[in-house]
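Hello,

Here is the structure I promised to pass on to you. Please have a look at it first, and then read on for what turned up.

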Number of protein chains: 2
Amino acid sequence: MATMKDVALLANVSTATVSRTLVKPESVSETTRLRVEQAVIETGYKINSQARSLRRNETRTVVVVVSDIDNPFYSEIIKGIEQEAVANDYLVVLGDASQQERDRIYSELVYTRQADGLILLGVPLPKPLKAKLNSSLPPLVMACEYEPDRKLPTVGIDNRAAAKEATEYLIKLGHHRIGCVTGMGDNPLTVCRLQGYKEALAATNIPFDEQLIVAEAYNPDGGSNAMRYFHSLAEPPTAIFCHADTQAIGVLHQARSLGISVPEQLSVMGFDGLPIGSYCFPTLTTILQPRVELGRVTMQSLMDSMKGLPARDRLLPHELIIRGSVAMR
Amino acid sequence: MATMKDVALLANVSTATVSRTLVKPESVSETTRLRVEQAVIETGYKINSQARSLRRNETRTVVVVVSDIDNPFYSEIIKGIEQEAVANDYLVVLGDASQQERDRIYSELVYTRQADGLILLGVPLPKPLKAKLNSSLPPLVMACEYEPDRKLPTVGIDNRAAAKEATEYLIKLGHHRIGCVTGMGDNPLTVCRLQGYKEALAATNIPFDEQLIVAEAYNPDGGSNAMRYFHSLAEPPTAIFCHADTQAIGVLHQARSLGISVPEQLSVMGFDGLPIGSYCFPTLTTILQPRVELGRVTMQSLMDSMKGLPARDRLLPHELIIRGSVAMR
DNA sequence: TTGTAAGCGTTATCAC
DNA sequence: GTGATAACGCTTACAA
């Protein structure tokens, strides 16, 4: 494998000049540049990024820790992150946090100089970093999840407003017993969306009923469970608002198994706007999150942060997508 | 940020000893080890992987180039790769090849010393590497796609056999006009599965009809297009075999729009065994590919290859999953 | 068992 | 505009 030395030898210049030619071509003379470029081709030289990184003290790599790669909601976000990353000469290391302790392993990489920054995608702040919240954190952006104190730059939509809008839409269509399927645990995201739901109820004087709230995983099984639960209620809801399309898909499926027809007997509202929603039966009414854009903006924020700029929160627009799973009561 | 020097100073040893303590603790004396370990804690020392990698001439990083992150078929495979990778102290750099030229950018990383090996996931061999096929390629494993000459280690299922099995199943149920939705382009994967389809027909003396083959993208829209096409035929098929569940989902949806009931009027067979298939309406009969296992084995193969061992092909078992979208003619 | 010192391949500083 | 040279932080002969 050819190194700069080989190129330098062949071009009859010093390695310093080779380096300059590669990094700042206009800083060397025309003839030197040509000679070096020729030598690079002849030797088949490729830069050793390791060495460069060590010297420059940067890796041009970012780590994305995602709560579950399998969740299709994240894949487009990752795509957006990746697009923005390569466009700016960054590499993306992917970390799946669906197993215990993995978030720690991956957030370590910033300290071991394998990455310049960290994106937490739908993942709460790992413990070791939490301890450092008040001192110095590495460049870090959260996407689609919040730190309770909101001290960390976050990219996402206005979850409270979106959930409120979704609920209002159901109310407008005459529903007042509205089931709500949240995510598991008491993470800030769930709290936000639940708050939007409550606000919509309150605005129309519909009493809040604890019984209508159920926490489930963001997947079809979670939705199925929720549907069964609601069905077992003495007075089941006439509409169900899921915090994720993946849950809504399970609700749809389970409703069908129970002989409940959607939207005639039950309205189902999703959240996320996954492409699959247009292919469900019935097609899924939902809140669209601009996923690719979320990814791009997240990466942009992180790059700001790595440049030392103060990273600020970024709120992207969502959109109510009206399709076939919600109807008038 | 503390370096070995700091640790060495504090522990009153040389940096060499610090290094030894970290890499091979049994090679230093008990007391030294304890002193060093203490100093590591006190200084908050973290190793600089860049420097280590440069010195050791390895990165413990692999690149996974995937044809489209968005395709849910790949996400579980990536998960398997990632699991096996972290378990063996490797990092995964994720590359999406859905845009032009990206496969090249990512396969370059092996040459610029940012990765030790390369996984091509559903991606054909990039041009620059193709040129080197006969000389020396870097450690490389293909998954779910083949190099025409089969010179490269490949991990996957027996696609020909699986497609044959799927088709045979349809034939057994009385179908003899069977539409086939392949992937786009004439990549080896498509060829394999098409061959299995043809073999099943031939075995039962059903004439092959070019009209019943249509190439579409591996997504629901592709399936929709295919369904419309088949519907326009003078003599439409009574069953459709899709090379991907994602296509089958589109077929299901489009059939519904056309008022064709599945499986009563039309049988639909998928391929891949995505989780979503159990939630379709009707539930999808399909061929299951062991995706997480495919990922793990792929990573294992690559590690073999990086160790210099001869990487061989690995064929994993598939399974026909009978659900609700296929019925007797 | 431990220290010395060279070297991995690059880049930045400083002369010339 | 170019060349020497030191340095980035670590590992590993080789010596002690």
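**A sheet in chain B and a pocket**

Chain B of this predicted model has an open sheet of 4 strands, paired in parallel and ordered E7-E6-E8-E9. Strand E7 (213-215) and strand E9 (267-269) of chain B each have a single partner strand, so they form the edges and one side of each is left without a neighbour in the sheet. From one strand to the next, the twist averages 15°.

If you would like a place to start looking, try strand E6 (residues 178-182) of chain B, which runs parallel to strand E8 (residues 239-242) of chain B and is joined to it by 4 bridges. B:Cys180 has B:Phe241 in E8(B) as its bridge partner. Across E6, E7 and E8 of chain B lies helix H10 (residues 220-232) of chain B, which runs at about 150° to E6(B).

Now for the second largest pocket, with its volume of about 940 Å³. It is lined by 35 residues, and the closest to its centre are A:Leu109, A:Thr112, A:Gln114, B:Ile47 and B:Ser49. Chain A gives two or more residues to the lining from each of helix H4 (49-56), strand E2 (91-96) and helix H6 (102-108), and chain B does so from helix H2 (15-23), helix H4 (49-56) and strand E2 (91-96). Which element provides the largest share of this lining? That is H4(B), with 5 residues. Sorted by class, the lining of the second largest pocket holds 13 nonpolar, 13 polar and 9 charged residues.

Happy exploring, and best wishes

Technical notes:
Residues numbered from 1 in each chain as written. Chains lettered and ligands numbered in written order. Predicted model: local features only at pLDDT ≥ 70, side-chain atom pairs only at ≥ 80, totals over all residues. Heavy atoms only, no water. Pairing = 2+ DSSP bridges. Axes fitted to C-alpha atoms, helices over the stretch in contact; angles between N-to-C directions. Contact = heavy atoms within 4.5 Å. 1 Å grid on protein atoms, 1.4 Å probe; cavity = no way out; pocket = protein on both sides within 12 Å on 5 of 7 lines; lining within 4 Å. Points joined across faces, edges and corners; volume = space filled by probe spheres on them. Nonpolar A, V, L, I, M, F, W, Y, C, P; charged D, E, K, R; others polar.
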